[in-house]
Each structure stands twice: as structure tokens, then as C-alpha cells.
Amino acid sequence: MTVMRKASKLLLVLAGLSLAVLAPFGQAATAATVLSIGDGDSISVLERGQKLKVRLACIDAPETAQAPFGMASRNQLKALLPIGSTVSLRVQAVDRYGRSVAEVIGNKGMVNLAMVRSGQAFVYRQYLGRCDRGAYLAAERQAQAQRLGVWAVPGGMTRPWDFRHGGSVHRSAGAVPAAATSSAPVSSPQAAQSSGTKTTCKQIGSFAQAQELLRQGHSYLDRNGDGVACESLR
């Protein structure tokens with residue numbers, strides 16, 4: 001009887017370890033088959049006989065209109081998730097469009113993280129709470145240091161969340177959204193440098209304008225050194 005009890009306890013421990021490997025952040029992983037790729041952060045899958053639209057969690061890829069980065073990001077996701085391949089979904093939530101927001105695990109590991117590491121997506125800090133923040137930010141710093149993908153432009157291209165905020169107007173990589181020029185008055189980079197004063201995030205008032213100032217040398221706006229200025233303005 002004692003031997004049987006010990007064996008039962010061992011099985012329970014092993015089962016617990018298996019669950020920890022599959023879902024270190026408390027989300028159960030479910031299997032699905034890739035049906036199609038939307039853009040660099042969205043796919044369609046077949047799960048338990050039902051078609052499911054999935055938004056990759058914790059990242060934001062360039063919009064398809066942001067040439068050439070949008071298509072490059074989509075192609076990278078297609079390479080990581082071939083049509084017909086089996087993936088595991090670690091679903092975190094359902095967004096307002098009815099899509100399952102999830103981390104996607106393919107045969108080469110965590111796809112969301114791989115997209116950031118290859119420079120084909122940004123870390124979506126606003127929605128990073130249920131992912132491994134340290135791993136994602138480290139992957140982004142690595143891609144930025146190597147100037148991969150979206151980081152080929154110094155400071156990074158126009159962020160997709162800024163691009164969407166500006167509507168359907170097409171902007172080239174690195175362009176400053178119109179909202180940046182219509183924000184509260186701010187000293188020019190040249191004036192700030194000549195006067196020795198520092199422009200605060202509150203004075204800038206626009207996330208996009210802050211990124212432009214960072215690209216022009218105002219490194220003090222990036223307090224934590226992650227390549228993003230005035231994150232409080234997002």
C-alpha cells in the first residue's frame with residue numbers, strides 16, 4: 001500500500017511539472033492547425049473543428065500599408081507557421097473583434113517571441129502583463145542592437161499603434177505621424193540643445209513626437225534605455 005501511495009504522489013508531481021512546462025504563466029495550452037496568415041501578428045487556425053481567429057499576444061507588427069515592413073513581417077510569420085502546421089495556443093483573452101489573444105507555440109518554440117527577436121514586430125508594452133516581460137524586452141533590445149527588420153531605421157520605424165491612430169494616411173518608414181505636429185508647443189531639438197534645457201515628456205504631449213526627438217539625439221527621454229521615449233504618453 002505504501003509503495004502504491006508513493007507511486008501516486010510521484011505521478012501527481014510529474015503531472016504538475018508537465019503543466020508548468022506547458023503553461024508557465026497559468027494558461028492552458030490547446031492544440032490547433034494553422035489555416036492562414038493575416039499579417040505579422042494575426043492568424044486563423046482550426047481548433048476542435050472550429051475556425052478561430054488569433055491575435056498574437058504581447059507584440060505589435062507593422063501594418064501591411066507600412067511598406068516594406070508590413071509584408072516582411074507577414075512573410076516571417078508565414079515561415080514560422082507554415083499552413084497546415086500544428087501549434088499550441090496559450091490563450092490570454094478575447095479582444096473586441098472576437099479574436100483569441102494568445103501566445104503561439106510552433107515546432108521551433110514561442111512564435112511571438114521569435115517575431116520580436118527577428119525584428120519583425122515590436123513589444124506591445126501596453127499589453128505585456130501576461131507574457132514574460134523580461135524575455136520580450138531582451139529580445140527587442142537584441143533586435144534593435146543588430147538593426148534587424150523594423151530597427152533598420154535608426155530608432156525604429158513609425159510604431160504600428162501610431163500608424164493606426166493616424167488613420168489610413170500612408171507614411172514612409174520613420175515618418176512622424178501628423179499628430180506629432182499638432183501637439184502642445186515644444187521646444188525644437190536645436191533650441192533645446194543650444195539653451196542647455198531638457199524637454200520633458202509632459203511638454204511634448206505626443207508619443208510620436210517623443211520618438212522623433214529621441215531619434216534626433218534627446219536620449220534623456222529614454223529613461224530605462226529600452227529604445228522608447230516617454231512611454232507614459234502611450
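This passage walks through the overall make-up of the chain, its paired strands, its salt bridges and its disulfides.

The model is a predicted one, so local features are reported only at pLDDT of at least 70 and side-chain atom pairs only at pLDDT 80 or more, while totals for chains, interfaces and linings take in all residues. Residue numbers start from 1 along each chain as its sequence is written, and side-chain values rest on heavy atoms, with hydrogens and water left out.

Starting with the big picture, the chain holds nine helices and eight strands. Both kinds of element are DSSP runs numbered from the N terminus, with helices (H or I) needing at least four residues and strands (E) at least two. Of the 234 residues in the chain, 43% are buried; here buried stands for under 20% relative accessible area, exposed for over 50%, and partly exposed for anything in between, using a 1.4 Å probe and protein chains only. The chain exposes about 12,400 Å², and carbon and sulfur atoms supply 57% of that area. These areas come from the Shrake-Rupley method with a 1.4 Å probe, and for residues only the protein chains shown count as cover. As for contacts (heavy atoms within 4.5 Å), 58% of those with a separation of 6 or more are between residues 24 or more positions apart.

Next come the strands. Two strands are taken as paired if DSSP finds at least two bridges between them. Strand E1 (residues 29-39) runs antiparallel to E5, and five bridges join the two. Within this pairing, Thr30 has Leu89 in E5 as its bridge partner. E5 is also joined to E6, again in antiparallel fashion, by six bridges, and Val94 stands opposite Ser100 in E6. E5 and E6 make up a hairpin with five residues between them, and Gly98 in the turn has a positive phi of about 85°.

The same hairpin carries a salt bridge between the side chains of Glu103 and Arg90, at 3.6 Å from N to O. Glu103 belongs to strand E6 (residues 100-106) and Arg90 to strand E5 (residues 86-94), with their positions 13 residues apart in sequence. Both ends are tucked away: Glu103 is buried at a relative accessible area of 2%, and Arg90 is buried too, at 5%. Asp95 and Arg99 form another salt bridge, with their closest N and O atoms 2.7 Å apart.

A search of the whole structure turns up seven salt bridges, each defined as a side-chain nitrogen of Lys or Arg within 4 Å of a carboxyl oxygen of Asp or Glu. One of them pairs Arg164 with Glu63, whose closest N and O atoms are 2.8 Å apart. Arg164 sits in helix H5 (residues 160-165) and Glu63 in the loop between strand E4 (59-60) and helix H2 (69-80), so this salt bridge ties together parts that are 101 residues apart in sequence. Arg164 is partly exposed, at 35% relative accessibility. Both residues also belong to a network of salt bridges that links Asp41, Arg55, Asp60, Glu63 and Arg164.

That leaves the disulfides. A disulfide is a covalent bond between the sulfur atoms of two cysteines, recognised here when those atoms lie within 2.5 Å. The structure has two of them, and with the bonded cysteines numbered in sequence order, the pairing reads 1-2, 3-4.

Cys58 and Cys131 form a disulfide with sulfur atoms 2.0 Å apart, and the link is right-handed, with 90° about the S-S bond. Cys58 lies in the loop between strand E3 (50-56) and E4, and Cys131 in the loop between E8 and H4, so the bond ties together parts that are 73 residues apart in sequence. Cys58 is buried at 4% relative accessible area, as is Cys131 at 5%. Arg130 is found in the loop between strand E8 (122-123) and helix H4 (133-145), and this residue is partly exposed, at 48%. The C-alpha atoms of Arg130 and Ala57 are separated by 8.6 Å, although the two residues are 73 residues apart along the chain.

The other disulfide joins Cys201 and Cys230, with sulfur atoms 2.0 Å apart. Its S-S torsion is about -80°, so the Cys201 and Cys230 disulfide is left-handed. Cys201 is in helix H8 (residues 201-204) and Cys230 in the segment after helix H9 (207-215), 29 residues apart. Cys201 is buried at 19% relative accessibility, and Cys230 is buried at 4%.
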